[in-house]
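Open the model in your viewer and keep the selection tool handy. We will go from stop to stop, choosing something to select each time and looking at what is there.

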Amino acid sequence: MYEHTYPNKRFKITFQFLEKYVSKSEKILDLGVENPFSDLMIANGYKVENTKGEDLDLDTSTISQSDADVVTAFEIFEHLISPFTVLRSIKANKLVASVPLRLWFSSAYRSKTDLWDRHYHEFEDWQFDWLLEKSGWKILERKKWAHPTKKMGIRPILRWFTPRYYLVYAERA
């Protein structure tokens with residue numbers, strides 16, 4: 001996925017946010033397979049375990065059986081048909097999660113070659129807040145930011161100031 005590009009801005013903002021709420025003594029369950037961001041967390045002293053690639057819409061056993069103190073989910077929930085079920089199965093009391101925001105000028109992302117790399121949900125911030133609150137989480141901090149590209153055109157210009165990512169810290173209500 002990151003063969004030619006590395007999301008430095010997103011990783012920097014996300015890591016700074018994570019450091020604010022998660023200590024290195026806490027165990028983290030990172031939803032999704034091992035990835036460059038989970039590697040970054042490990043390289044910086046965090047204890048991280050990832051889910052194994054199971055379809056989390058159908059099998060939440062890794063989540064419900066985890067003894068992690070914190071669950072992280074960075075750009076995962078938009079791929080699930082039922083993120084509510086996943087959020088309810090979390091036993092940890094802390095959640096750090098991000099989703100890409102719905103862009104009114106762009107259709108939902110859909111890879112034509114990778115069935116896992118598709119967005120079922122393209123959230124607006126209020127929708128993600130509602131999902132978290134309804135599934136038993138209280139949001140304590142939120143952060144949104146734009147993600148400019150170096151391409152030419154109307155959409156790339158809009159990406160300079162339209163928030164693309166939404167990051168939250170929540171605790172079990």
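**Stop one: the cavity**

This is a predicted model, and it holds one cavity of 30 Å³ or more. About 30 Å³ of space lies inside that largest cavity.

To find the spot, select the residues that line the largest cavity: Leu 29, Ile 63, Ser 66, Ala 68, Val 71, Ile 90, Lys 91 and Ala 92. Try colouring your selection by class: the lining has six nonpolar residues, one polar residue and one charged residue.

**Stop two: the sheet**

Now switch to a cartoon view and select the strands. Six of them make up an open sheet with mixed pairing, and the order across the sheet is β2-β1-β3-β4-β6-β5. At the edges you will find β2 (47-50) and β5 (137-146), each of which pairs on one side only. From one strand to the next, the twist averages 20°.

Stay with β5 for a moment and add β6 (residues 163-172) to the selection. These two strands run antiparallel, and nine bridges join them. For a single example, pick Trp 145 and then look in β6 for its bridge partner, Tyr 165.

**Stop three: two helices on the sheet**

Select helix α2, residues 36-43. This helix lies across β1 (27-30), β2 and β3 (70-74), and its direction makes an angle of about 155° with β2.

Next, select helix α5, residues 125-134. Which strands does α5 lie across? They are β4 (94-100), β5 and β6, with the helix running at about 160° to β5.

**Stop four: a salt bridge**

Finally, show the side chains of the charged residues. The count of salt bridges in this model comes to seven. One of them is worth selecting by itself: the side chains of Arg 10 and Glu 75 meet in a salt bridge, at 2.3 Å from N to O. Why does this pair tie together parts that are 65 residues apart in sequence? Arg 10 lies in helix α1 (residues 8-21), while Glu 75 is in the loop between β3 and α4 (83-89), so the contact links those two parts.

Key
Residues are numbered from 1 along each chain as its sequence is written. This is a predicted model: local features need pLDDT of at least 70, side-chain atom pairs count only at pLDDT 80 or more; totals for chains, interfaces and linings use all residues. Side-chain values use heavy atoms; hydrogens and water are left out. On a 1 Å grid over the protein atoms alone, a cavity is a set of points where a 1.4 Å probe fits but cannot get out, and a pocket is an open set with protein on both sides within 12 Å along at least five of seven lines; lining residues have an atom within 4 Å of a point. Grid points are joined across faces, edges and corners, and a volume is the space filled by probe spheres set on the points. Ala, Val, Leu, Ile, Met, Phe, Trp, Tyr, Cys and Pro count as nonpolar, Asp, Glu, Lys and Arg as charged, and the others, Gly among them, as polar. Two strands pair if DSSP finds at least two bridges between them. Helices (H or I, at least four residues) and strands (E, at least two) are DSSP runs, numbered from the N terminus. Axes are lines fitted to C-alpha atoms, for helices over the stretch in contact, and angles run from 0 to 180 degrees between N-to-C directions. Contact means heavy atoms within 4.5 Å. A salt bridge is a side-chain nitrogen of Lys or Arg within 4 Å of a carboxyl oxygen of Asp or Glu.
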